[in-house]
Each structure stands twice: as C-alpha cells, then as structure tokens.
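Reader: Hi! I'm new to this one. Could you walk me through it?

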Amino acid sequence: LLGAGTRYQQVKRALHAAVPDRLHAREKETAIIRQFLREHVCGRRPGSLYISGAPGTGKTACLSRVLLDCQDELSGSKTVVLNCMALSSPAGVFPATAQELGLPSATGRDAVRRLEKQLTAKGPMVLLVLDELDQLESKGQDVLYTLFEWTRLPHSRLVLVGLANALDLTDRSLARLGAHPAGSPRLLHFPPYTREQLSAILTDRLGQVAGDPVLDAAALQFCARKVSAVSGDARKALDVCRRAVELVELEVRSQTLLKPLSEGE
C-alpha cells in the first residue's frame, strides 16, 4: 500500500502547475523572449515587451523558464520581478521597484522622481518584470505610461517586460506611446492551448512517473477536449487530472481498508 500511496503522491506532484523543464507548444514564444532579453539586456538597449494571453496559456511559466535558463547571461544586470496583484495601488509599483533596487524608501512623486533618476544614471541594465500588469491600469493611465516611457529616456537602462491577460491593454492604456517615433512596446501573444497541445502536456507530465499509468489515455483525451473547448487553460487541465488522481487514490484506499474485514467474516 505504501508503494501505491507514494506513487499517487508522485503523480500529483508531476501534475502541479510548477515551471516544467520543457514547455510544450511554446518553443516559438520562448525563443522570442530569449532573443528579446539578449538583444536588450545583454545588448544594453532599453526597450519593452508586452506579453498577453488568457490565464493558463504559459506566459509566466515561459518567462520563468527563460530567466532560469539565461541566469548566467543576465548576471551582469539586475532583475526585479513583481506581481502587481500584490500591490495596494497602481502607484505602489514605484516604491516596490525602488525597494528591490536598494533605494531609500520614498512615496508619491518623490519615489517616481528618484526611481527615474536611478534608471537614467550610469550602472548595469535593469530588467523589470511586471506580472499581472493589468492591475496597474489607473484613471489617467499615468502609471503604465510612465513605466513604458522610461525605456525611451536618454541614457535609460530599463528593460521592461509586462505580462497581462488583456490583449488590448496597449491599445486602451498606451495609445499615446504609439504616436512616439520609437513606436509601442514589442507585443507577444500566447494563444489558448489546443486539445492536442493539452493532451501532450498531460501525457508528458504523467510520463515522468514510472510504472503503469494511473489515468488512462481516454481520460486524458476527454480532459484535454473539455478544457480546450472552454478555455485552453493548462492549469485547469492539470488541476482536473490531479483531482481525478485523488479520487482514484481514495477509492483504492477504501478498498484496501475493507479487504481484511471481508476475509475475516
């Protein structure tokens, strides 16, 4: 029983939405992100990249994978990763970034001014990754506009990568940037996963655990078909399979517990 129990644990672990060693069906996007970072961070050219896509399409996982793989190349620069969901207000991004860069704490206009000064002074390139960027939408859109505008200031050493669910954030919030001769941020869209891609992701994850499959191929196909029809969200597909494994585990456990009783009757 212990063997089976540990095996179920292994299968559930394999189905967790952690950053995998390889990302299925995202080779193109991974290559674009890697190229962008090499060109801008390693090449000391300020710039911005806007990554959009529905939840569970691999945006954060892909970027995290590239940051892990390129650690050595990026070691000469400073990387700051913030999840904008954790900020109490859009303007909170300025003191939060300043703190990560080791600047003395300041709030309001002061924080913005000091940070701008820091990002246009001599020093290593700063890669600022803002996940859940849509949280920074504000009435006058000044927060988003300021951040993207900083990548174009003379002597700027800021490379900005923003991730958001909305495809049209740049149209809505950053229309002013388009009028600038340097143009808008570079855009990269992650489409929802197809049935085949979800099925490959699930098969790959379950294949990491030795022995007979806990979930059969038909169940995986069914899950991939249902999730792709609704959202194409890989996290949902992994979640559904993890719950299915938990149900199998409970059933096996209850059968094992009942067996000795029936024999002893």
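Author: Happy to; we can go through helix packing, cysteines and a few single residues. Please keep in mind that this is a predicted model.

Reader: Great, let's start with helices. At what angle do α2 and α3 cross?

Author: The crossing angle of α2, residues 27–42, and α3, residues 59–69, is roughly 50°, and their axes come within 10 Å. The two helices are therefore oblique to each other. As for the hand of the crossing, α2 and α3 make a right-handed one.

Reader: Which residues of α2 and α3 meet there?

Author: From α2 there are Glu29, Thr30, Ile33, Arg34 and Leu37, and from α3 there are Cys62, Leu63, Val66, Leu67 and Asp69. By type, the residues in this contact of α2 with α3 are 6 nonpolar, 1 polar and 3 charged.

Reader: Can we zoom in on isoleucine 33? Is it buried or exposed?

Author: Isoleucine 33, which sits in helix α2, is buried, and its relative accessible area is 0%.

Reader: What does isoleucine 33 touch, leaving out residues up to four places away in sequence?

Author: Its contacts are Leu49, Ile51, Cys62, Leu63, Val66, Leu188 and Phe190.

Reader: And how far is isoleucine 33 from leucine 67 in space?

Author: Their C-alpha atoms are 9.4 Å apart, while in sequence isoleucine 33 and leucine 67 are 34 residues apart.

Reader: Cys62 came up in those contacts. How many disulfides are in the whole structure?

Author: A search of the whole structure turns up 0 disulfides.

Reader: Remind me, what is a disulfide?

Author: It is a covalent bond between the sulfur atoms of two cysteines.

Reader: Thanks! So why is there no bond between cysteine 62 and cysteine 70?

Author: Because their sulfurs are 11 Å apart, which is too far for a bond, and cysteine 70 holds the cysteine sulfur closest to that of cysteine 62. A pair would need to be within 2.5 Å to count as a disulfide.

Reader: Which cysteine has the sulfur closest to that of cysteine 70?

Author: That is cysteine 42, at 7.2 Å, so this pair is also too far for a bond.

Reader: Are cysteine 62 and cysteine 70 buried or exposed?

Author: Cysteine 62 is buried, at 0% relative accessibility. Cysteine 70 is buried as well, at 3%.

Reader: Back to helices for a moment. How do α4 and α5 pack?

Author: Helix α4, residues 93–100, packs against helix α5, residues 108–119, at an angle of about 45°, and their axes are 9 Å apart. That angle makes α4 oblique to α5. The crossing of α4 and α5 is left-handed.

Reader: Which residues make the contact between α4 and α5?

Author: On the α4 side they are Phe94, Pro95, Thr97 and Ala98, and on the α5 side Ala111, Val112 and Leu115. Sorted by type, the residues in the contact of α4 with α5 are 6 nonpolar, 1 polar and no charged.

Reader: New topic: the backbone. Which residues have a positive phi without being glycine?

Author: Alanine 25 is one of them, with phi near 60°. Glutamate 132 is another, and its phi is near 60° too.

Reader: Where do alanine 25 and glutamate 132 lie?

Author: Alanine 25 is in the loop between α1 (2–14) and α2, and at 24% relative accessibility it counts as partly exposed. Glutamate 132 belongs to the loop between β3 (126–131) and α6 (142–150); it is partly exposed, at 22%.

Reader: What about tyrosine 8, is it buried or exposed?

Author: Tyrosine 8 is buried, with 11% relative accessibility. It is found in helix α1.

Reader: What is tyrosine 8 in contact with, apart from neighbours within four places?

Author: It is in contact with Val214, Val245, Val248, Glu249 and Val252. For a longer view, the C-alpha atoms of tyrosine 8 and lysine 122 are separated by 53 Å, with their positions 114 residues apart along the chain.

Reader: Last one: where is proline 213?

Author: Proline 213 is in the loop between α9 (195–206) and α10 (217–230). With a relative accessible area of 66%, proline 213 is exposed. Its C-alpha is 9.2 Å from that of valine 11, and the two are 202 residues apart in sequence.

How values were computed
Residues numbered from 1 in each chain as written. Predicted model: local features only at pLDDT ≥ 70, side-chain atom pairs only at ≥ 80, totals over all residues. Heavy atoms only, no water. Axes fitted to C-alpha atoms, helices over the stretch in contact; angles between N-to-C directions. Helix = DSSP H or I, 4+ residues; strand = E, 2+ residues; numbered from the N terminus. Parallel < 35°, antiparallel > 145°, perpendicular 65-115°, else oblique. Left-handed = near helix turned anticlockwise from the far one by under 90°. Contact = heavy atoms within 4.5 Å. Nonpolar A, V, L, I, M, F, W, Y, C, P; charged D, E, K, R; others polar. Buried < 20%, exposed > 50% of the residue type's maximum accessible area, 1.4 Å probe, protein only.
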